[in-house]
Amino acid sequence: MMKHEHSSQEGAPWRPEGKGQGDQGSALFGAARREGSAMAQCHISLVGAGPGPLELLTLRALRRIEAAEAVVYDRLVGAEILARIPVGAARFDVGKRCGEPSPSQQEINALLLALARTGKRVVRLKGGDPLIFGRGGEEALHLARHGFEAELVPGITAALGCAASSAIPLTQRGLARSVTLLTGHLQGGEQFGGWGALVAAGHTLVCYMGLDQAARIEAGLRGAGADAALPVALIVAGCSERERVVRCRLDGLSRAALALEGETPVLIILGQVVALRDELKGLLGALASRVA
């Protein structure tokens, strides 16, 4: 992992330092910032890296990564995928880690713009899908407002990857006809007033980044009339070898989340479909034992 130092210049992106790729990354950044440098054709792609494993990466995403001259990547991108970055490519680790210094979105936007101006083949690599809670829309808009069109390459978002990996169907005929993806993060003192719309029968909720807000989610849904016995699954490190699923009811969500404090990433699925997991896993286990 490349180290970064924060520039004292307001809004300036973080720069890699050190030997090898770090030197090349610094040179690339410097070239982009140099006054009077020629504007080149932009080759920048906002790429979804999926939920972690290389096998769940799209072919288009893999092609963009393997052809990249500079890669700006997040914390949740899998190690197998990072290993496909060309040896000579400049790497910029802009991942956010709890309790550690990390670049602001403004700094990341400035870095992407600076790299776009070099005319190099640039990949902005994000876990999951870049347009689902990945700020890909913000970054695409920032580039477009400065005259650069970014290619958008979709990825398997965590809701789909984790649901499949943990054997929880997000929809089921006669049981769940719709799905809502929501984030547990609120801006500043923002209050969410849409709980009532989320408790309709036949509805599945998938909450990203909701572990720290579990008590608020539980209280909001219960206050809007949700059944206390609504099945809930907390999926830790979904789609990885560390994956585990913690089951509870809605009225036990805050307690279950407290027991998982410090775990990351955690996806929360709420709805009657969660109860299907036990039946499906049991049937699959029985089939496996017969084959064995």
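Me: Two strands pair if DSSP finds at least two bridges between them. In this predicted model, what makes strand E3 and E7 a pair?

Reply: Strand E3 (residues 43-48) and E7 are joined over three bridges in the parallel sense, and since at least two are required, they count as paired. One residue of the pairing can be named: Ser45 has Glu151, in E7, as its bridge partner.

Me: How do you know which strands are the edges of the sheet?

Reply: The open sheet has five strands in the order E5-E4-E6-E3-E7, with parallel pairing. Strand E5 (90-93) and strand E7 (151-153) each pair on one side only, and these are the edge strands. From one strand to the next, the twist averages 15°.

Me: Why is H4 called oblique to H5?

Reply: Helix H4 (residues 105-116) packs against H5 at an angle of about 50°, with the axes 10 Å apart. Angles under 35 degrees would be roughly parallel and those from 65 to 115 roughly perpendicular, and therefore H4 is oblique to H5. The crossing of these two helices is right-handed, and the residues making the contact include Ile108, Leu112 and Leu113 of H4 and His142 and Leu143 of H5. The contact residues divide into six nonpolar, three polar and two charged.

Me: What makes the direction of H5 relative to E3 roughly parallel or roughly antiparallel?

Reply: Helix H5 (residues 136-145) lies across E3, E6 and E7 and runs at about 170° to E3; angles over 145 count as roughly antiparallel, so H5 is roughly antiparallel to E3.

Note on methods: Residues numbered from 1 in each chain as written. Predicted model: local features only at pLDDT ≥ 70, side-chain atom pairs only at ≥ 80, totals over all residues. Heavy atoms only, no water. Helix = DSSP H or I, 4+ residues; strand = E, 2+ residues; numbered from the N terminus. Axes fitted to C-alpha atoms, helices over the stretch in contact; angles between N-to-C directions. Contact = heavy atoms within 4.5 Å. Left-handed = near helix turned anticlockwise from the far one by under 90°. Nonpolar A, V, L, I, M, F, W, Y, C, P; charged D, E, K, R; others polar.
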